[in-house]
Amino acid sequence: TNTGSCQSVSLGSVSCGIYNAPEKGVVSSEPVKHPDPVEITCAPGFTLQPPKLLPFCQRDGSFSKGPTCQPTAATPDLPVFSKASGSYSTPLTLSLTVATPGATIRYTTD
């Protein structure tokens with residue numbers, strides 16, 4: 001019969017320290033321990049890219065690759081026409097405006 005013995009080995013708690021937040025991002029100021037993830041919050045107007053990639057504390061004491069905070073794509077407002085659409089028998093002046101700052105309006109005539 002085999003009467004060998006087993007020993008349990010404790011690796012202890014591995015700490016990766018405090019994660020460096022991405023530009024325009026905020027993380028907890030608490031040290032992160034293996035295998036915990038890092039929660040990142042982006043500033044208003046920014047979103048995590050890729051959205052589901054959260055860094056975590058690895059067994060070797062380093063962090064896995066994390067996301068960045070990228071500007072949220074703004075949906076521009078629709079242009080406003082100064083005249084109602086339709087057919088006109090005489091030339092007219094038409095203006096187009098949009099409330100979105102920096103938006104470009106492209107149009108065609110036929």
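These are my notes on confidence, disulfides, an aromatic pair and a surface patch in a predicted model.

**Confidence.** I looked up pLDDT before the contacts. The protein chain averages 85, and 88% of the residues score at least 70. Among the elements, strand β2 (residues 25-26) has the highest mean, 96, and β7 the lowest, 83.

**Disulfides.** I searched for bonded cysteines and found two disulfides. Counted along the chain, the bonded cysteines follow the pattern 1-3, 2-4.

I took Cys-16 and Cys-57 to begin with; their sulfurs lie 2.0 Å apart. The link is right-handed, with 85° about the S-S bond. Cys-16 sits in strand β1 and Cys-57 in the loop between β5 and β6, so this disulfide ties together parts 41 residues apart in sequence. Both cysteines are buried.

I then turned to Cys-42 and Cys-69, which are joined at an S to S distance of 2.1 Å. The torsion about this S-S bond is about -85°, so I noted the disulfide as left-handed. Cys-42 is in strand β4 (residues 41-42) and Cys-69 in strand β6, 27 residues apart. Cys-42 counts as buried at 17% relative accessibility, and Cys-69 does too at 8%.

**Aromatic pair.** I searched the whole structure and got one pair. Tyr-19 and Phe-63 meet edge-to-face, 4.9 Å centre to centre with 80° between the planes. Tyr-19 is in the loop between β1 and β2 and Phe-63 in the loop between β5 and β6, so the pair ties together parts 44 residues apart in sequence. Tyr-19 counts as buried, at 13% relative accessibility.

**Surface patch.** I noted a nonpolar patch of Phe-81, Tyr-88, Leu-92 and Leu-94, with about 390 Å² of accessible area together. Tyr-88 lies in the loop between β7 and β8 and, at 45% relative accessibility, counts as partly exposed.

Methods
Residues are numbered from 1 along each chain as its sequence is written. This is a predicted model: local features need pLDDT of at least 70, side-chain atom pairs count only at pLDDT 80 or more; totals for chains, interfaces and linings use all residues. Side-chain values use heavy atoms; hydrogens and water are left out. Patches are made of residues with over 30% relative accessible area and no salt bridge: like charges are joined within 9 Å, nonpolar side chains (Val, Leu, Ile, Met, Phe, Trp, Tyr) within 5 Å. Accessible areas come from the Shrake-Rupley method with a 1.4 Å probe; for residues, only the protein chains shown count as cover. A salt bridge is a side-chain nitrogen of Lys or Arg within 4 Å of a carboxyl oxygen of Asp or Glu. Helices (H or I, at least four residues) and strands (E, at least two) are DSSP runs, numbered from the N terminus. Buried means under 20% relative accessible area, exposed over 50%, partly exposed in between (1.4 Å probe, protein chains only). pLDDT is the predictor's confidence in each residue, from 0 to 100. Rings of Phe, Tyr and Trp (its six-membered ring) pair if their centres lie within 6.5 Å; planes under 30 degrees apart count as stacked, over 60 as edge-to-face and the rest as tilted. A disulfide is a pair of cysteine sulfur atoms within 2.5 Å.
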